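Here are my comments on the model you sent, set out as numbered points for you to check against the coordinates.

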Amino acid sequence: MTGLEIWLLAIGLAMDCFAVSIASGIILKRTRWRPMLVMAFAFGLFQAIMPLIGWMCAKTFSHLIESIDHWIAFGILAFLGGRMIGESFKEEECCQLFNPASLKVVLTMAVATSIDALAVGISFAFLGIQDYSDILSPILIIGFVSFVLSLIGLIFGIQCGCGLARKLKAELWGGIILVIIGIKILIEHLFFQ
């Protein structure tokens, strides 16, 4: 994957964090830096750790399925992107009742929003990333982008509220990015290798 693709992948993965952060900002109603930084840090940390875990688990057997690894990477990214696109069209109550200042709630949301990143880590192994030094840059980028977009989402939710946040369709755009990257991986392996 190129640097641009990794940054786009990070943005796509961070869209769940961004959407949850907007909802959390709406609930917080005012800038409270401590809970906001804790949430953004937790989201960034879990978004970085989960691909590492997925990669470590999958790299042990990726050589066994080398001939179809591009199909698996495409399938994972297309599934995750498709799910995000589908979720973006569901009508949800924007201001759900949860406490975004609670550490238990923050950790639960951090794990829930990073499950997609675990699957992406598995696809990294299938794409031939075999060394820890090769995985370090993508996971740091994913964690950083998730941290920044979470903070932006929190501030946006506090400032703009529910109506404008719904119009952005962050999950839709994140899903589209993941599907496009999956298609690109598939095309590269089918036609250029």
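1. Is I68 buried, partly exposed or exposed? The model is a predicted one, and in it I68 has a relative accessibility of 41%, so this residue counts as partly exposed, because that class covers values between the 20% limit for buried and the 50% limit for exposed. In the chain, I68 sits in the loop that joins α2 (33-59) to α3 (69-88).

2. I68 also belongs to a nonpolar patch on the surface, of about 730 Å², whose other members are W71, I183, I187, L190, F191 and F192. The element that gives the most to this patch is helix α6 (residues 170-191), with 4 residues.

3. A contrasting case is S146, which is placed in helix α5 (residues 132-168). With a relative accessible area of 0%, S146 is buried, since the limit for that class is under 20%. Leaving aside residues up to four places away in sequence, S146 touches A14, C17, F43, G44 and Q47.

4. Please look as well at the pairing of helix α1 (residues 3-28) with helix α4 (residues 103-126), which pack with their axes 10 Å apart and at an angle of about 175°. That angle makes α1 roughly antiparallel to α4, because angles over 145 degrees are classed in this way. On the α1 side the contact is made by L9, L13, D16, C17, V20 and S24, while α4 contributes M109, T113, D116, A117, V120 and F124.

5. One residue links the two preceding points: C17 is among the residues that S146 touches, and C17 is also one of the α1 residues in the contact with α4.

Note on methods: Residues are numbered from 1 along each chain as its sequence is written. This is a predicted model: local features need pLDDT of at least 70, side-chain atom pairs count only at pLDDT 80 or more; totals for chains, interfaces and linings use all residues. Side-chain values use heavy atoms; hydrogens and water are left out. Patches are made of residues with over 30% relative accessible area and no salt bridge: like charges are joined within 9 Å, nonpolar side chains (Val, Leu, Ile, Met, Phe, Trp, Tyr) within 5 Å. Accessible areas come from the Shrake-Rupley method with a 1.4 Å probe; for residues, only the protein chains shown count as cover. A salt bridge is a side-chain nitrogen of Lys or Arg within 4 Å of a carboxyl oxygen of Asp or Glu. Helices (H or I, at least four residues) and strands (E, at least two) are DSSP runs, numbered from the N terminus. Buried means under 20% relative accessible area, exposed over 50%, partly exposed in between (1.4 Å probe, protein chains only). Contact means heavy atoms within 4.5 Å. Axes are lines fitted to C-alpha atoms, for helices over the stretch in contact, and angles run from 0 to 180 degrees between N-to-C directions. Angles under 35 degrees count as roughly parallel, over 145 as roughly antiparallel, 65 to 115 as roughly perpendicular and the rest as oblique.
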